[in-house]
Amino acid sequence: MPVAAAVALWHRAHLYKALACVVLALIALQYLLSGVLDRRSIETIFTINTTRYADHAYRSHPHGLIIYGLGVSPTYPPSTLNITSTAQLTVPALRDINNATKQDVNATRIAPVSSPNTTDPSIPQLCPLIPPNLVGPLTVNKNPPEVLKMEKELTGVETGGRGWPSHCTPRHRVAIIIPFRDRPQHLQTLLYNLHPMLLRQQISYQIFIVEQEGTGLFNRAMLMNVGYVEALKEQKFDCFIFHDVDLLPEDDRNLYTCPEQPRHMSVAIDKFKYRLPYTDLFGGVSAMSREQFRLVNGFSNVFWGWGGEDDDMANRIKSQNLHISRYPANIARYKMLLHKREKANPRRYEVLKTGKNRFPTDGLTDLKYQLIEKKKPKLYTWLLVRLTPPQPS
Ligand code: BGC
Ligand code: MN
């Protein structure tokens, strides 16, 4: 080999060694900084900007799994949550999640759970930020026992479908609002699955079934407005979960609480192959605080028949500079009970288009209904209502 070629080879070998050193140094640096980066990023993940969330997590990952991790994409935050299979994100991981939401951070500041209650021993401590008895993924039971047996079995539930933790002061007062008509079997199944989960979540809650009287077109949005107004007559709830009767939660880490931003809870539904159909979806199960709901003037009252009312709510949320937040798809999972397809409202897109002009006048402000009957069996508070269509102004 000529001398010049040998020298060139020797130089190249050194160049490779130098490059290898630089790469190793960068890996070491990333490792050292990962603690700092992770802490900063966790919150970003759980107050996710929906565009980023859906576009990235759903479209680019065929199995609907969310892979946020160093190296996945330079535009997404690094995180300790390198979720590669649904089995990997265990309950302790939720600890990180919630420790990082601003609402909970604030709650910690107001009343640190760890500090001893020195003033009055009769007042129990605030419940822990993360309920200690969560189990994670749940086996959904689609065959509930008959009502009497169910009532006996669900010992922690009190008249009117209320529940609260027995040994600590709950951090959240939550009204679960279920618009309803003609689906007794679905309701029974939902209650059978929901109550035990809510009790484990250590929230104070009450389940309201708002049933529309008659056989006219169903108005899901208006029933939810009624639920909000009627629930507040009972108690000053600070959080409202609007819940379809046919959706069964599959993971108790999907906390029925209200974070800083409105939260879409039913991210991944079996019927949609566990993928979010579109970024701004706010239907199924969603959570809003009392103030957020008042701020957007509740739901629109003009969506009769299936569809559109949740899209209108998504627009209301945006118009107030709020945004939809979501838990990751492997936690916010639901099974949908089978039912025949509802007839969609053919005018819904048209109504949706002009929705913005109506936000201040169409909603809680012009809600009209008659409360026909109210009952409190053990497992829920039942309201039968006659809806009055809003009058054109
Ligand atoms: C409707 C929504 C519905 C969504 C998912 C949309 O076309 O407007 O109301 O939640 O589909 O089914
Ligand atoms: Mn449905």
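Let's start on the surface of this predicted model, where Leu15, Tyr16 and Leu19 make a nonpolar patch of about 340 Å². Tyr16 is found in helix 1, which covers residues 3-46. With a relative accessible area of 52%, Tyr16 counts as exposed, because the cut-off for that class is over 50%.

Now for the metal. The manganese ion (ligand 2) has two protein donors, Asp246 through OD and His339 through NE2, at 2.1 to 2.5 Å from the ion. This pair brings together distant parts of the chain, 93 residues apart. Asp246 sits in the loop between strand 4 (239-243) and strand 5 (247-249), while His339 belongs to the loop between strand 10 (333-336) and helix 10 (348-353).

Here is how the residues with a stated accessibility line up:

| Residue | Relative accessible area | Class |
|---|---|---|
| Asp246 | 5% | buried |
| His339 | 32% | partly exposed |
| Tyr16 | 52% | exposed |

Asp246 falls in the buried class because its 5% is under the 20% limit. The 32% of His339 lies between the two cut-offs, so this residue is called partly exposed.

Finally, the largest pocket holds about 1400 Å³ of space. Its lining is made of 46 residues, and those closest to its centre are Asp244, Trp306, Gly307, His339 and Glu342. Strand 2 (173-180), helix 9 (309-319) and helix 10 each give two or more residues to this lining. Helix 9 supplies the largest share, with 3 residues. His339 is worth a second look here: it is a donor of the manganese ion and is also among the residues closest to the centre of the largest pocket.

Methods:
Residues are numbered from 1 along each chain as its sequence is written. Chains are lettered from A and ligands numbered from 1 in the order in which they are written. This is a predicted model: local features need pLDDT of at least 70, side-chain atom pairs count only at pLDDT 80 or more; totals for chains, interfaces and linings use all residues. Side-chain values use heavy atoms; hydrogens and water are left out. Donors are N, O and S atoms within 2.8 Å of the metal (3.2 Å for Na, K and Ca); water is not among the atoms, so sites may look incomplete. Helices (H or I, at least four residues) and strands (E, at least two) are DSSP runs, numbered from the N terminus. Buried means under 20% relative accessible area, exposed over 50%, partly exposed in between (1.4 Å probe, protein chains only). Patches are made of residues with over 30% relative accessible area and no salt bridge: like charges are joined within 9 Å, nonpolar side chains (Val, Leu, Ile, Met, Phe, Trp, Tyr) within 5 Å. Accessible areas come from the Shrake-Rupley method with a 1.4 Å probe; for residues, only the protein chains shown count as cover. A salt bridge is a side-chain nitrogen of Lys or Arg within 4 Å of a carboxyl oxygen of Asp or Glu. On a 1 Å grid over the protein atoms alone, a cavity is a set of points where a 1.4 Å probe fits but cannot get out, and a pocket is an open set with protein on both sides within 12 Å along at least five of seven lines; lining residues have an atom within 4 Å of a point. Grid points are joined across faces, edges and corners, and a volume is the space filled by probe spheres set on the points.
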